[in-house]
Every structure is written in C-alpha cells, then in structure tokens.
Amino acid sequence: MSGKRNVWQTVKVIEEALDLLDRSCAATMNPAQTLAAMRAMRRLADRMCAEAAVWTDRAAKTCAAEKAAGTPLSDYLAVTEGRSSSEANGLVHQAGRITADPRVRDAALAGTVSPNKAAAAGAVLRDLPRHDMSEAQRRAAAERLIDQAAGGATTGQIARSADRVLEQVAPDLAPTPDGRAAEAERRRRRAVRERELTFVEDGRGSVRFWGRLPQMEGDLLRTVVGACVERGRGDERRELETLKAQRATGELSAGQYFAARTVLGERESRTTAQRQADAITDMVTALQSAGQVPVAGGEAPRVVVTLDYTRLLQLAVEAAATGLRPDGTMLDEVSVARLRTAVTGTTETGADVAASQVRLACCDAGILPTVLGQASEILDVGREHRLVTPQIRKALTLRDSGCVFPGCTVPAPACQAHHVIPWWAGGPTSLNNLVLICRHHHGVIEPHRFAPAADQWRITFDPDTGRPQVHPPRRLRHDLPPGPDAGEDSAHQPETETGAQGTLIA
C-alpha cells in the first residue's frame, strides 16, 4: 500500500487536526512568526479551496446533484450552504476553469498557484487555439501561465496575457494585425453578450450592485462618474471661498460661518468611492427630475413601501379621535376634520359609521379590508383567464418581490407568474395559486405532467399568512443545514427559514 487515503479518510484527518489546533501559542509569537503562521494557514486554505473545486467540477460533470437530490448543482450549493444563486453559480464556473488544464489544476492542488490565479490561467488556456496547437505547445502555454502566477503576477495580468503567451509558445498562431482586429471584434461581441448588472440587498440597509460593461461603455461610465466627482470637488472649493469672503465682509457671523463650514466639511470628507456612489445617485435623480425615466410594465418605476393595514388604520383612527400625531404633536383643525372624514366607515348596508365607532371596532372586531382601485381591481379571475391580469401581477410583485426559489436573486420584473396547481390540472389564475419564479427555476419546480408524485421541488401556501413555501425534494432534505437561515430566497427577501420538515419559507 502507498499510504494514500481516500477522500473520507483524508477529510477526517484534516478535521481532527483542526480540532487539535492550539492557538494559545499565538500569545508568544513575535510579528514575523505571526505573519509566517498566517501565510501557512492561507496556503493551506488555498489548497483546500482547490481540492473543493476539483470535486465541485466532478459533481457538475457527472450531474451528481441532479441525480441524487433532484436539484441543479448551483441551486444545491445555494440551499445547502446558504449562498445566493450568483455566488453558487460563480463557484461552479470557477471550478470548471481551475480544472480546465491538468497542469494548472495540479499546481493549484499543490499550493503553487492560488485558486483565483488558477481560474484565470484556465480561462486563458480555454481561449487559446488549442486544437491548432501541439501537445508540447499546450504544455508550454500552461507552464508559462503557472510561472507567471507563481512569480507574483496578479489575476488581471494573467487574464490579459493570452496574446503574449501565444507569441512565446506558438508564434505561427499568434494573431497578425488583421487577426488582432478580428480578435478585437470577437472580444467586443463577447463583452456585449456578457454584460450584466446585478442588485441585491445586503440585509444591513444597503443595496449592493455589481456587473460589467463592454470596454467602451464602461470607459464612458467611468469618465462621466469621474467628471461628476471632480465637479463636486470644484463646487466645494468655490463654496469654501464664498464662505470665507462672506465671513470677511461680515455677511456671515462667526457662528453662521462655522456652522456652514461644518456642513461643508462633511461633504469634503467623503472618500472617492463615496463620491462615485453619490454621483450615480445624482445622475439617476437628475433623469427622474427631468422626466426622462422610461415607463416599465405600464407604469413609471416606483419604490413600494408596505405597511401593516391594521396598524395603519389604528394610527389613523387614534389621530382622528385625539387630534394628535403618533409623535405627540398636535394636528391642525383642518387636518383633523379631513382625517375624520377619511376614516368614517361604511356598513354593508351603506350606513355611515363614525370614526369613534371604527376605533372601537379595531379593538376586538374581525377586520376584512377591501381595497378598491380606480377600476375596482380583482385579484382572482378563476378559470376565465390563463394569463395573469396586471392587477394580479402587481399583487404578486408586492408579495414575492422576486423569484421565490431559495437563493435566487432574480427581481420581479424578470420573473414569470407560475401556477402552483398547473392550469392544465385545473388550477385557477388567482393570487393564492400563483408565485413569481425566474425562467431557470420555473423548470425546476414545474410539476411533471405524467408523474405528479415525483420527488421534486414543490410549492405550497402558508394557511395563516398566504405566503408561498418552497419545499425541497425529500432526498435533498438531509443535506440542508439545521435551524433557521437556510439561505436567501429572493433579491428582496434575504431571510428564509428551514422548518422541521425541510420547508424553505419564501
């Protein structure tokens, strides 16, 4: 026997070694030793990431997740590891690049090259005319890239080295001036095809966004944002000079000057990244103010804030009865009169109910809110129509916000309205039989017409809240993490839960 261990034995040894790690020695280390320990651990982490990539790629190539769990691999990673769909997709694609060439893969496994650099090298090797290259040339290209990575080249430098590598190992295949022009066109077409912009809530009150644009468009955006940033800096310098002049002439008192200087100082202290973020926001605001924001889906873009109906009604009735706002300040008489008129109820027979009686009813009566739009929209069209009405679509957007599949970040405008009980099976077109689902996950949760009992993803509705619940296949449930926080379920609802029966609540 060679002393080799299989994957299960190896994982056990590594886990036991980590469990036995004594970190108390860190207290006696000098800075050089601390850095050495950090670098050793990071090399070990890189090797483990490379090993994980090899197994991820094998799972992708053998369709292991589809066969064993009835779920595409990227979705399997998302729901079992609590990742977003984009992050899980990135891991699968990175694994494919790391393993694209056996020499690059082995360098990553040995710790000679980091996983990110190995992925960049694998992407370069894929782009080379490999079918026109000899085995010796392919080997030499891989070795050149590995030497670059080990020699300190950055991931970006490796990604841009395809032409130089080709000139070194296969000069007869290196592009001519005409070939370079054709390559530039090819890259342009690929960049246009791969353009993207993604938004996702970070759960901390911010919206993160990232993406990529073709070179010219990206340069234009960068130039415009940079111009806005520099204009802002110039405005601040001129404003400061104006304040100094007003202080010198006595137009501003000392207190007024220092108050204005404090406000200006807050703007001056912004980082370049903050200024660029403000520039993009200002550009969008300027478009909106100029009426240049296009109509989408039949109406202008808007931000929707959902309020609890009962709480809102109670606040309105309290204010009408007492004349006080929720913060304790007084309402003027006109506002009180208007509010009392607005909250005057109507019985089923058409009789008016005073605001004071509505207030009492809110305490213990059952409330059935009926919201009538300009056209008295109805949110259930039964079997009369298969396609959803605009009113149902609006209600779906308010309820689901985006694709309800766990980990998916596709927003509502890019989703389809899915009949939970299929139309062909007698399902109605109503809010309690519809969910928003993206094109990719529509195929994952669509019931099998000729195998309705198949073990696959399915959707039900919570009887209390009416919200959709996403249930994984039975064969996947043992891989789900225990407890809450099973992962993200949409771009607008980052929190999900895993119930005792493996239910992911959308």
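Asp 57 counts as buried because its relative accessibility is 10%, where buried means under 20% relative accessible area, exposed over 50% and partly exposed in between, with a 1.4 Å probe and protein chains only. Asp 57 sits in helix H2, residues 31–61. Helices here are DSSP runs of H or I with at least four residues, strands are runs of E with at least two, and both are numbered from the N terminus. Beyond its neighbours within four places in sequence, Asp 57 is in contact with Ala 95, Gly 96 and Thr 99; contact means heavy atoms within 4.5 Å.

A quick word on the model: it is predicted, local features need pLDDT of at least 70, side-chain atom pairs count only at pLDDT 80 or more, and totals for chains, interfaces and linings use all residues. Residues are numbered from 1 along each chain as its sequence is written, and side-chain values use heavy atoms, with hydrogens and water left out.

Now for H2 itself. Asp 57 shares its buried status with Ala 50, Ala 53, Thr 56 and Ala 59 of H2. The cover over the buried residues of H2 includes H3, H4, H5, helix H6 (102–110) and helix H7 (115–127). At the N-terminal end of H2, Asn 30 acts as the cap, with a side-chain oxygen 3.1 Å from the backbone nitrogen of Ala 32. Just after H2, Cys 63 has a positive phi of about 55°.

H2 also helps to line a pocket. The second largest pocket has a volume of about 1,100 Å³. Of its 34 lining residues, Met 48, Glu 51, Ala 52, Ala 53 and Trp 55 are the closest to its centre. H1 (7–19), H2, H3 (64–69), H4 (73–81) and H5 (85–98) are the elements that give two or more residues to this lining, and H2 gives the most, with 10 residues. A pocket is an open set of points on a 1 Å grid over the protein atoms alone, where a 1.4 Å probe fits, with protein on both sides within 12 Å along at least five of seven lines; lining residues have an atom within 4 Å of a point. The volume is the space filled by probe spheres set on the points, which are joined across faces, edges and corners.

The lining divides like this:

| Lining class | Residues |
|---|---|
| Nonpolar (Ala, Val, Leu, Ile, Met, Phe, Trp, Tyr, Cys, Pro) | 23 residues |
| Polar (the others, Gly among them) | 5 residues |
| Charged (Asp, Glu, Lys, Arg) | 6 residues |

Across the chain, the secondary structure comes to 20 helices and 9 strands.

Notes:
Polar contact = N/O pair within 3.5 Å; in protein donor to acceptor, adjacent residues only side chain to side chain.
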